[in-house]
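Good morning. I'll take the structure on the screen in three parts, namely strands, cysteines and charged pairs. Please hold comments until the end.

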Amino acid sequence: MIDKVKVEQAVRLFLEGIGEDPDREGLKGTPDRIARMCEEIFSGTDEAAKKALSVTFSSPADNLVLEKDIHFYSVCEHHLLPFFGNVHIAYLPNGKVAGLSKLARTVEAYARRAQIQEKLTDQIAAAVMENLDARGVMVVIEAEHLCMSMRGIKKPGTRTMTYVCKGAFEKDPALVDRVLAMIRT
């Protein structure tokens, strides 16, 4: 739960710390705007992912399901700067499938918190395995991190890729290759 009062106080102190006047015309409402923004971009909880994946449908098919190019925004926990990109989720059903929007909601639940990409990838994979009782899951994330693009090394356009394989995907390199080929198409 976001404490708006504390966020507003912190933003005022931050503005003063960088030599700004938080009471000048352009910054007067900024502490409130930042507090409201925090309520939105840090709204992810574990319960939200579990809730999203609780809506399933019976399916006798056990074929590969891939939802790709799920766009997301998150905030790096090291620099509090955004990182953003696409998530690709492949899974092998085990008698039930999730509604397609539920996979995107799962991504949002974990992306909306101070986070690192490696952990985000693992959290999504674990949630799909656990909540869908999938036979296997593979999650691939491609993202640009503003902590690399606009500060430090200053290399805009650099993309970081992470992937996690669980269940059947851990044991079958051909299955992993098939998903990677499908992502590229």
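One term before the rest: a residue counts as buried under 20% relative accessible area, as exposed over 50%, and as partly exposed in between. R12 has a relative accessible area of 30%, so it falls in the partly exposed class. Keep in mind throughout that this is a predicted model.

Strands, then. I'll begin with β3, which covers residues 82–92. Of its 11 residues, 9 are buried, so the rest of the structure largely encloses this strand.

Which strands pair with β3? One is β2, residues 65–76, which is antiparallel to β3 and shares 9 bridges with it. As an example of the register, F83 in β3 sits opposite S74. The connection between β2 and β3 is a hairpin with 5 residues between the strands. In that turn, L80 has a positive phi, about 55°. Another partner is β6, residues 136–145, again antiparallel to β3, with 10 bridges. Here you can take Y91 as the reference point, since its bridge partner in β6 is V137. As a general reminder when you look at these strands, side chains in a regular strand alternate between the two faces of the sheet.

Next, the cysteines. How many disulfides are there? The count is 0. The cut-off that matters is 2.5 Å between two cysteine sulfur atoms. For C38, the closest cysteine sulfur belongs to C76 and is 15 Å away, so the distance is too great for a bond. C147 is not in a disulfide either, and its nearest cysteine sulfur, also that of C76, is at 4.2 Å. On accessibility, C38 is buried, at 11%, and C147 is buried too, with a relative accessible area of 13%.

Last part, the charged pairs. The general point is that side chains of opposite charge can pair when their charged atoms come close. In this model the count is 6 salt bridges, and I'll go through some of them.

D23 pairs with R12, with 3.2 Å between the closest N and O atoms. R12 is in helix α1, residues 4–17, while D23 is in the loop between α1 and α2, so this salt bridge ties together parts that are 11 residues apart in sequence. D23 is partly exposed, with a relative accessible area of 43%. R12 you have already heard about, at 30%.

R24 forms a salt bridge with E20, where the closest N and O atoms are 2.9 Å apart. Both ends are partly exposed: R24 has a relative accessible area of 38%, and E20 has 31%.

D122 and K166 also meet through their side chains, at 3.4 Å from N to O. D122 belongs to helix α5, residues 117–132, and K166 to strand β7, residues 160–167, so here the parts tied together are 44 residues apart in sequence. D122 is partly exposed, with a relative accessible area of 35%. K166 is partly exposed as well, at 22% relative accessibility.

Finally, which residues are linked in a network of salt bridges? They are K4, D32 and R36.

To recap: β3 has 9 of its 11 residues buried, the disulfide count is 0, and the salt bridge count is 6. That's it from me.

Conventions:
Residues numbered from 1 in each chain as written. Predicted model: local features only at pLDDT ≥ 70, side-chain atom pairs only at ≥ 80, totals over all residues. Heavy atoms only, no water. Buried < 20%, exposed > 50% of the residue type's maximum accessible area, 1.4 Å probe, protein only. Helix = DSSP H or I, 4+ residues; strand = E, 2+ residues; numbered from the N terminus. Pairing = 2+ DSSP bridges. Salt bridge = Lys/Arg side-chain N within 4 Å of Asp/Glu carboxyl O.
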